[in-house]
Amino acid sequence: MASDINSRTRKRPPELRELALRLQSAGDASVPLLVLRQPDFERIAWRDGKRAARRMEMRTTHAFSSAARRALRNGDLTAHDRGSDLFVVAMASPARRTDVPSPIDCRAVLERIAAAMSLETELPIETGWTVIRTLPETDLRAEIERALDRGIADRERYEFLSAIGHELRTPLTSIRGYLETLLEDDLEAKTMQRFLQIARREAMRMGRLIDGMFLFSLLDLSAGALLGSACDVSAQIEAACEVVRPLARRRGVRVRHAACDGAVAQVDADACLQLLVNLIENAIKYGAAGGTVQVSCAISGRDVAIAVDDDGPGIAPAERETIFGLRVRGSRSGDRPGTGIGLAIVKMIAERAGGCIRAGESPLGGARFEASLPLKADSRARLS
Ligand code: ADP
């Protein structure tokens with residue numbers, strides 16, 4: 001019955017079923033659940049045969065057990081089912097009841113075990129963690145999925161923030177360079193003016209980057225948060241048009257939109273608004289000055305289909321898939337300022353909600369961005 005953390009003679013971690021029983025017998029407590037996944041077993045089995053995959057599993061299991069023994073306390077539990085790509089740790093040691101592990105502790109333990117497994121196999125390990133209640137009704141499999149989903153979201157967030165951090169250095173270096181030249185050199189008034197303008201432009205660019213960063217960190221992009229809630233898409237279109245009104249006025253652009261009754265999408269209202277604002281703002285920014293932007297919405301099967309059309313230069317056909325990448329800018333952006341963050345956020349919101357986003361050609365002559373968001377289940381029933 002004991003896990004390998006308690007019994008040092010045991011070679012293999014117990015099965016997941018056993019871990020579930022041990023947790024239930026521990027009474028009601030909140031316990032961090034750490035999950036590690038070796039995604040390559042299947043590929044190895046397919047490419048090199050079942051035996052090779054089995055050998056790889058044994059090596060990974062051995063690395064998991066020894067690293068866990070070093071990183072965990074007595075009473076913490078581990079589990080792995082033979083043939084599965086999942087390795088699980090429950091930080092259930094009674095000693096932790098008074099000394100509850102912080103998120104940093106959980107992540108540190110997870111990274112330590114993952115590093116040991118990855119070093120042994122030279123293959124990347126996926127990780128994630130969550131906190132579970134040790135109640136009989138706790139569905140351990142669902143919690144494992146939740147931990148892995150959260151791990152993906154954490155990694156995306158980390159990559160995003162480190163990319164932004166890197167981007168912030170460029171304008172900062174440029175501002176510093178111009179200010180130092182202004183302070184140290186004897187320059188003509190005209191040159192001074194030009195340098196100050198450049199420094200101001202770069203400072204504004206930094207501001208936009210920081211705005212994007214805050215926006216991203218404020219959005220709770222975990223799958224659970226987006227799937228749990230729903231919103232009326234027409235109301236969000238209305239709200240988004242309000243938000244972009246000052247920009248539309250400045251560029252003399254008319255934003256037309258039509259309502260779509262009963263279009264309740266399974267996505268959080270803030271996230272939906274963000275998606276719409278990013279698309280409509282782009283349509284105004286890249287569309288023709290004094291032109292038209294059209295926002296439409298329709299129910300299409302099990303989805304709400306939203307289209308934002310403009311009359312600008314459009315997106316070059318070769319860029320219609322890559323344009324959603326983080327910090328990617330299109331070849332037709334001209335001198336419009338931008339950071340390449342907005343569409344990456346749009347894609348993340350649409351996909352996290354179980355939908356998708358496409359770029360294409362608009363009947364207005366410019367770009368068409370089409371987002372599909374899943375209709376909320378009960379509104380689907382009502383409409384059919
Ligand atoms: P940003 O506009 O800040 O550069 P986005 O991620 O919102 O960042 O957009 C990425 C790129 O996609 C833009 O730089 C631009 O080249 C292109 N793009 C987005 N929307 C449009 C549009 N409506 N028309 C033409 N190009 C667009």
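These questions and answers walk through the ligand site and the two largest pockets of a predicted model.

User: Hi! Where does the ligand sit in this model?
Analyst: Happy to help. A molecule counts as sitting in a pocket if more than half of its atoms lie within 2 Å of the pocket's grid points. By that test, the ligand's place is the largest pocket.

User: How many residues surround the ligand, and which are the closest?
Analyst: The shell holds 20 residues. By class, nine of the shell residues are nonpolar, eight are polar and three are charged. The closest to the ligand are Tyr286, Arg329, Gly330, Thr339 and Leu343.

User: Which element gives the largest share of that shell around the ligand?
Analyst: Good one to trace on the structure. At least two shell residues each come from helix H10 (269-286), helix H11 (342-352) and strand E11 (367-374). The largest share is four residues, and the element that supplies them is H10.

User: Which residue has a polar side-chain atom 2.8 Å from an oxygen atom of the ligand?
Analyst: Let's sort the contacts by the kind of protein atom. Gly342 uses a backbone N or O atom, 3.1 Å from a ligand oxygen, and Leu343 places a polar backbone atom 2.8 Å from an oxygen of the ligand. The side-chain contact at 2.8 Å belongs to Ser333.

User: What percentage of the ligand's exposed area does the protein bury?
Analyst: The starting point is the ligand taken alone, which exposes 530 Å². Of that area, the protein buries 97%.

User: What is the volume of the largest pocket, and how many residues line it?
Analyst: The volume is about 940 Å³. Nearest the centre of this pocket lie Glu281, Asn282, Lys285, Tyr286 and Gly338. The lining divides into 17 nonpolar, twelve polar and ten charged residues. In total, the number of lining residues is 39.

User: Which element gives the largest share of the lining of the largest pocket?
Analyst: Helix H6 (189-218), helix H9 (245-251), H10, H11 and E11 each give two or more residues to this lining. The largest share amounts to nine residues, and they come from H10.

User: What is the volume of the second largest pocket?
Analyst: Here is a way to find the place first. This pocket is lined by 13 residues, and those closest to its centre are Arg107, Gly151, Asp154, Arg155 and Tyr158. Its volume is about 300 Å³.

User: Which element gives the largest share of the lining of the second largest pocket?
Analyst: Two or more lining residues come from each of helix H4 (103-121), strand E4 (126-133) and helix H5 (140-184). By class, the lining has four nonpolar, three polar and six charged residues. The largest share, seven residues, comes from H5.

Definitions and conventions. Residues are numbered from 1 along each chain as its sequence is written. This is a predicted model: local features need pLDDT of at least 70, side-chain atom pairs count only at pLDDT 80 or more; totals for chains, interfaces and linings use all residues. Side-chain values use heavy atoms; hydrogens and water are left out. A residue is near a molecule or strand if one of its heavy atoms lies within 4 Å of it. A polar contact is a pair of N or O atoms within 3.5 Å; within protein, one must be able to donate a hydrogen and the other to accept it, and residues adjacent in sequence count only if both atoms are side-chain atoms. Accessible areas come from the Shrake-Rupley method with a 1.4 Å probe; for residues, only the protein chains shown count as cover. On a 1 Å grid over the protein atoms alone, a cavity is a set of points where a 1.4 Å probe fits but cannot get out, and a pocket is an open set with protein on both sides within 12 Å along at least five of seven lines; lining residues have an atom within 4 Å of a point. Ala, Val, Leu, Ile, Met, Phe, Trp, Tyr, Cys and Pro count as nonpolar, Asp, Glu, Lys and Arg as charged, and the others, Gly among them, as polar. Grid points are joined across faces, edges and corners, and a volume is the space filled by probe spheres set on the points.
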